[in-house]
Amino acid sequence: MSEKRRENDEYFMIIMRTLWIVVVILLEIHLYFTVSQAKHQQNSSANNAIAPLNNPEGKNEGIEGPIGEVLAQSGGTAILPCKITDPGAGTVTWVRRRDRLLLTVGTSTHSIDTRFQVNLVRNDWQLRIRPVMMDDAGIYECQVTSHPVQQNFARLKITEAYSIIPGAPDLHVKQGSSLRLECQLMAATENPLYVFWYRQGRMINYDEEPGVDVRLTENGSILTVNKTKLTHDGNYTCAPSNAKSASIMVHVIEEEEKPAAMHGGDRRNLSPAILASNFLVSLLAAVSWRIPSFTSLYPT
């Protein structure tokens, strides 16, 4: 009788422990979704908040009438047009609106900043700024001292060009395969005069290495290697004449090498900890469909 009671007690304890584990798991799940809902509501409130209105970029500074838009890149040349219908109407001047600085009078530069020049092309009194800087952005006024006074306005916007190499920061190639690196200019308004390529800090544009070719394009440059060798391994940098440089690390892999990142590795050499983690990941993936998704519980 006592043995049967002992067995019933043990069976009862097992049931109670099982129920306790289930309760703890349910509480953990409830806490998880409660916190998730709070974060979701907080993010939604932040996204729906009305942002304060700032002064619009490139405000008109009290100017009435059309304002032409001119885009130039830092370090390049900005050309602001000013077409005059009557060439003999009067003297043409250029003024920077933000500080009322007189830049040019006729074809002469009035400012001490010699970057500002006037180029007369037929009836177009162009203001040329070279090299243009980020601080040059703003509204410029071309004025003719006629009666009534003629005014033309141009808003200059400055962009800063940079370059990218698709595939960066790391590129793996097999020994003997071809390599193609393209240097692309972004936010550029002018074509580069040149693009220098460097490998490990050494320029390679003018190397006479067989199978290596450097070609200038409208939007940058292309470096090609027909058959890569282990000596082609290293850091490659493209440096355009008018944009920030870009770099990429090229890794030349020998044929007998099979990196785990590229070929999946050898499972026989995996440690027990890695095998256990893989099993847990597979188990979680198998049962994850039983847990309701966040969006279904808290629809937006």
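## Contacts and overall make-up

Among contacts between residues at least 6 apart in sequence, 62% join residues at least 24 apart in this chain, which is a predicted model. The chain contains 4 helices and 18 strands, and buried residues account for 27% of its 300 residues.

About 20700 Å² of the chain is exposed, and carbon and sulfur atoms supply 56% of that area.

## Two nonpolar cores

The largest nonpolar core comprises 21 residues, and those with the most contacts inside it are Leu80, Trp94, Leu127, Ile129, Tyr140 and Leu156. At least two residues of this core come from each of β1 (68–73), β2 (78–80), β3 (92–96), β6 (116–121), β7 (124–129), β8 (138–144) and β9 (150–159). Apart from this core lies another, of 17 residues, which includes Leu223, Val225, Tyr236 and Ile248.

The surroundings of Leu127 can be described residue by residue. When residues up to four places away in sequence are not counted, Leu127 touches Ala78, Ile79 and Leu80, together with Trp94, Leu103, Thr104, Phe116, Gln117 and Tyr140. Of these partners, Leu80, Trp94 and Tyr140 are also listed among the residues with the most contacts inside the largest core.

## Pairing of strand β18

Strand β18 (residues 246–253) is joined to strand β11 (residues 170–174) by 5 bridges, and these two strands run parallel. Within this pairing, Lys174 stands opposite Ile253 of β18.

Strand β17 (residues 234–240) is likewise joined to β18 by 5 bridges, but here the strands run antiparallel. Asn235 stands opposite Met249 in β18, and β17 and β18 form a hairpin that has 5 residues between them.

## Cis peptide bonds before proline

The peptide bond that leads from Arg130 to Pro131 is cis, with omega near -10°, and Pro131 is placed in the loop between β7 and β8. Another cis peptide bond joins His147 and Pro148, where omega is about -5°, and Pro148 is found in the loop between β8 and β9.

Strands β7, β8 and β9, which these loops connect, are also among the strands that each supply at least two residues to the largest core.

## Positive phi outside glycine

Ala187 has a positive phi of about 60° although this residue is not a glycine. Ala187 belongs to the loop between β12 (179–186) and β13 (195–199), and because its relative accessibility is 39%, Ala187 counts as partly exposed.

Gln200, also a residue other than glycine, has a positive phi near 55° and lies in the loop between β13 and β14 (202–203). With a relative accessible area of 55%, Gln200 is exposed, since the cut-off for that class is over 50%.

## A nonpolar patch on the surface

Ile15, Met16 and Leu19 make a nonpolar surface patch of about 250 Å². Ile15 is located in helix α1 (residues 2–48); its relative accessible area of 34% places Ile15 in the partly exposed class, which covers the range between under 20% for buried residues and over 50% for exposed ones.

Methods:
Residues are numbered from 1 along each chain as its sequence is written. This is a predicted model: local features need pLDDT of at least 70, side-chain atom pairs count only at pLDDT 80 or more; totals for chains, interfaces and linings use all residues. Side-chain values use heavy atoms; hydrogens and water are left out. A nonpolar core is a set of buried Ala, Val, Leu, Ile, Met, Phe, Trp, Tyr and Cys residues joined through side-chain atoms within 4.5 Å. Buried means under 20% relative accessible area, exposed over 50%, partly exposed in between (1.4 Å probe, protein chains only). Contact means heavy atoms within 4.5 Å. Patches are made of residues with over 30% relative accessible area and no salt bridge: like charges are joined within 9 Å, nonpolar side chains (Val, Leu, Ile, Met, Phe, Trp, Tyr) within 5 Å. Accessible areas come from the Shrake-Rupley method with a 1.4 Å probe; for residues, only the protein chains shown count as cover. A salt bridge is a side-chain nitrogen of Lys or Arg within 4 Å of a carboxyl oxygen of Asp or Glu. Two strands pair if DSSP finds at least two bridges between them.
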